[in-house]
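Trainee: I would like to understand how the terms used for a structure are justified. Could we go through one together?

Mentor: Happily, let us look at it.

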Amino acid sequence: MDTIFLNDPSYLDLDDAYRGLPKLHEIITKTSNLQEVLKDMEKIGFVAIEIVDMPFDRDSWTIKASKGKHGPCRFDGNTAVYKGCALAALDDDLHLLPVSQNIRVCEKTMKVLSLPAYKNFIELKAKDQEAKAENENEDFDFILGDLYNLLKDLNPGNTNRKMLFYPGPFRSLILQDGTLVRRGKWNAVPSEYVDQLTGKEGFLHLEYSESEPPVFFQEMYIKEGPSTLMNELKLKKQNVPEFLTDLTALNSVSKPLKHRLLKLLDENKKYFVLVGSDLSDKLGCCPSEEVTEANNLVKKGILNAYSEPDQGESCPLTFYSIKDELTITDTGFKIKFDTTFRKQIRERLEQSPSNSQRLIKWILMAFIIISSLLAARRCYELQTITPAAAKFEQLQPLIDGQLQLVLFHNEKRCYQCLQMEEMSRFVIESLFSDDLKSGSVVFKTLTIDDPINQELVEQLGIFAAALVLFEFDGEELTYARILPKANELYRDDAAFKDNLTNELTEILKSNE
Amino acid sequence: MGFQVDPKYFDYAASAPPWQGAVDEYCEISKSFYANASSIHQQGKATKQKLLELKKEFCDLLHFYDGRLLLTATGSEANNTIIEGHLNKYPKGKILMAMDVHDSMWYASRKHLKSLKLFSPEKSGHYNLKKFVKALDADISIVCVNHVSNETGAIQPIVEIAQLCDERNVKLMVDGMQSVGHIPVNMDEIPCTYYTISGHKFGSVKGAAGVLMRDENFEPLIMGGKQEWGKRAGTEDVAAVASMVKALKRSLEVMADESKRLRQLKNELVQHFEDFPEFVINSSEPDLPGLLSVSFPGFSGREIVGALSLSGFSVSTGSACHANEMEPSRIILSMGRTDREAIGSVRISMGIGTTDVSVKELIEKIIELVR
């Protein structure tokens with residue numbers, strides 16, 4: 001495995017080294033400025049960051065990290081279980097992993113969590129459909145909410161504590177009593193957990209002169225909400241055109257989003273967080289229906305969305321708040337609840353669609369069904385027609401019972417009709433050469449714009465390139481059928497030829 | 001722009017006029033960071049840091065976070081570097097190359113004939129993914145394709161091609177000379193190995209080009225120094241990168257509005273040429289908004305270029321003249337066009353200085369010439 005070594009790197013040196021690293025390979029760096037380098041590494045996108053050597057003089061820390069994941073992500077049923085001794089762990093891609101719970105991860109995260117740094121803490125289950133189905137609670141916001149509910153009644157303030165250094169590889173851990181532990185820092189942890197944390201989780205007894213107060217997740221959560229776990233979060237309001245508020249958009253929100261919105265209102269929360277990308281972003285990381293729905297509410301003037309401008313390779317994290325309630329400041333954000341608007345949202349959410357709305361919905365549906373049936377009927381009529389007994393000179397058969405394959409095209413030839421012609425000729429000339437020689441099958445082209453063909457074109461209802469089969473009884477035109485598949489398959493050489501061959505074979509067989 | 005560009009210039013795909021800011025930036029950085037970035041003194045280190053900063057800025061503008069920008073002097077050097085570097089590193093390597101690539105890749109069809117397999121675009125100028133997969137034999141070690149065809153402006157399905165190569169662990173080199181600065185390029189969505197770029201195609205000073213690389217397993221073309229991580233010897237031109245950054249920023253700023261405007265101008269050209277059934281439009285969507293390739297069968301593209309030049313218009317042609325005989329455009333031929341169509345092909349490429357009036361004048365002049 002290629003490893004890059006760097007001494008006292010600047011941010012740009014680290015960024016350059018990251019760019020030059022092959023996927024998931026390691027970098028080892030020595031620095032006297034631990035906090036700065038850790039912050040830089042997290043920002044650049046390194047994962048599995050671990051402090052692997054702590055000097056006595058604390059002048060030269062050795063940090064090991066790997067290159068993160070890149071490109072669009074794909075979920076294929078993989079799950080990960082955190083099996084350490086904390087209540088939950090947060091990795092460098094901001095996946096929140098509660099202990100012993102299957103969490104759905106994409107194929108790229110699967111590769112990251114397979115790195116040696118996570119070996120003792122993560123169990124990976126490849127393509128475990130059952131586990132995927134169980135796991136409905138992989139959502140960042142809901143997991144945090146659950147953790148908070150679990151911890152809110154605990155009062156761990158008076159416990160005896162010891163200072164332990166956490167070297168990683170996770171960004172943060174939440175311990176069983178709610179103590180929030182950060183990587184690369186001394187954390188005041190309950191004495192009773194010390195053996196477990198040093199033995200299983202790799203915490204270190206490092207001499208520390210000052211006693212730091214513990215940080216509790218439950219307190220931070222009340223104060224800061226889900227951003228508790230994000231170091232130095234720099235949110236920016238997403239640039240969406242301003243729309244007039246349209247509360248009717250709330251009528252059709254899904255159950256999970258409705259539940260989330262009600263929670264936001266009931267518990268007077270400032271915002272909620274969603275992980276994933278809008279479905280319209282075809283290559284976005286972690287596509288999410290709920291993100292798409294929430295973004296729609298932003299467009300409808302109900303919510304505002306905030307995200308970090310440069311989220312690197314993490315699954316995108318978006319904060320949603322009620323429109324105009326949140327203001328981003330240099331130190332974080334300020335909130336000013338709009339109680340009237342919140343009340344209006346609540347009322348709308350609690351309202352089920354009215355009877356008149358239901359009636360309109362049913363009328364619309366009936367209209368759509370009837371229109372579709374009529375359209376289908378018209379389409380069928382167009383495809384199988386028997387032109388009136390009129391004789392069309394341009395179709396005059398040379399022998400009785402001739403089958404004619406005719407390509408109608410506009411005077412200005414387009415790519416599609418040229419393709420259709422080339423492939424049709426190929427089929428006729430190579431697979432029906434005997435029929436062609438005997439004259440029982442012919443292929444010809446006719447110009448749609450030519451006034452001579454006007455009547456025929458009108459009867460057939462053609463306005464663009466079309467391939468049509470004509471059959472004669474004697475000199476009488478008895479059957480004409482537009483081959484709709486020809487227009488669909490013109491880009492697929494093999495499928496076009498197969499389809500046409502089958503059509504011709506069937507008609508010729510039925511005439512035998 | 002800052003200075004007047006001749007509205008009769010219709011050859012932006014060959015070289016775009018530089019943005020004033022890009023020229024100013026080149027001068028400014030040349031004056032303030034003149035030290036050699038490889039020198040170990042303070043000024044050298046400062047230049048090196050500036051170089052890294054500018055490279056990062058350039059990469060970030062293209063959403064390229066997991067690879068480096070290797071500097072070269074020209075786009076052709078960038079393309080040569082990867083093809084030669086790959087075959088020098090892997091002498092048994094085999095290349096799959098699209099037939100519409102630029103000559104700076106196409107040279108390999110003569111020099112490395114035994115290592116080469118070719119695939120042609122469709123009549124529309126676009127790659128067919130099914131055909132591509134069929135051509136992607138197990139022994140192919142690198143694929144060389146365009147993001148945007150330099151002669152027809154066809155935008156290729158590059159994300160899909162990159163994903164197909166990535167899934168098969170085949171290296172992919174994409175020529176992005178005509179795409180960067182003209183259409184949105186999100187490198188995070190294109191998992192290719194190499195993506196070559198050239199600054200003067202989007203308004204930087206000339207002499208600034210490079211390879212966005214996710215893999216450094218190739219032999220250097222220019223040796224004798226450890227610059228550019230040992231992949232290209234020679235003092236780095238920090239000012240050239242600065243000029244590229246400025247030019248790219250400016251191009252991205254105007255991209256949405258310019259694309260709309262240029263598409264309208266192109267539609268006007270197409271509408272007029274479509275009145276003549278004998279003319280063949282070689283460009284079809286999805287394609288560059290400001291580039292149109294059109295064939296005038298029976299005429300020589302070179303004659304048309306020459307005649308237009310006498311009237312002050314600058315256009316270009318893919319056909320060439322060898323030993324007094326016309327050689328048809330290889331790229332137009334690869335799309336299944338006839339010799340006559342390929343000989344009579346002309347490329348009209350528009351940009352920031354093109355106006356409604358100049359387009360109308362060009363149409364009139366061309367029709368007068370070929371009627």
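Mentor: This is a predicted model. Across the interface of chain B and chain A, the rule finds 9 residue pairs in polar contact, both residues at pLDDT 80 or more.

Trainee: Which elements give two or more residues to the side of chain B that touches chain A?

Mentor: They are helix H2 (42-61) and helix H7 (158-167) of chain B. H2(B) gives the most, with 6 residues.

Trainee: What makes residues on that side count as nonpolar, polar or charged?

Mentor: Asp, Glu, Lys and Arg count as charged. By class, the side of chain B that touches chain A has 14 charged, 5 polar and 6 nonpolar residues.

Trainee: Why is the meeting of Asp166(B) and Lys23(A) called a salt bridge?

Mentor: The cut-off is 4 Å between a side-chain nitrogen of Lys or Arg and a carboxyl oxygen of Asp or Glu. Asp166(B) and Lys23(A) meet at 3.6 Å, N to O, so the pair fits the rule. Across this interface the rule finds 5 salt bridges.

Trainee: What makes a space in the model a cavity?

Mentor: A 1.4 Å probe fits there but cannot get out. The count comes to 6 cavities of 30 Å³ or more, and the largest has a volume of about 360 Å³. Of the 26 residues that line the largest cavity, those closest to its centre include His182(B) and Met350(B).

Trainee: Which helix gives the largest share of that lining?

Mentor: Helix H8 (residues 238-274) of chain B, with 6 residues.

Terms used. Residues are numbered from 1 along each chain as its sequence is written. Chains are lettered from A and ligands numbered from 1 in the order in which they are written. This is a predicted model: local features need pLDDT of at least 70, side-chain atom pairs count only at pLDDT 80 or more; totals for chains, interfaces and linings use all residues. Side-chain values use heavy atoms; hydrogens and water are left out. A polar contact is a pair of N or O atoms within 3.5 Å; within protein, one must be able to donate a hydrogen and the other to accept it, and residues adjacent in sequence count only if both atoms are side-chain atoms. Helices (H or I, at least four residues) and strands (E, at least two) are DSSP runs, numbered from the N terminus. On a 1 Å grid over the protein atoms alone, a cavity is a set of points where a 1.4 Å probe fits but cannot get out, and a pocket is an open set with protein on both sides within 12 Å along at least five of seven lines; lining residues have an atom within 4 Å of a point. Grid points are joined across faces, edges and corners, and a volume is the space filled by probe spheres set on the points.
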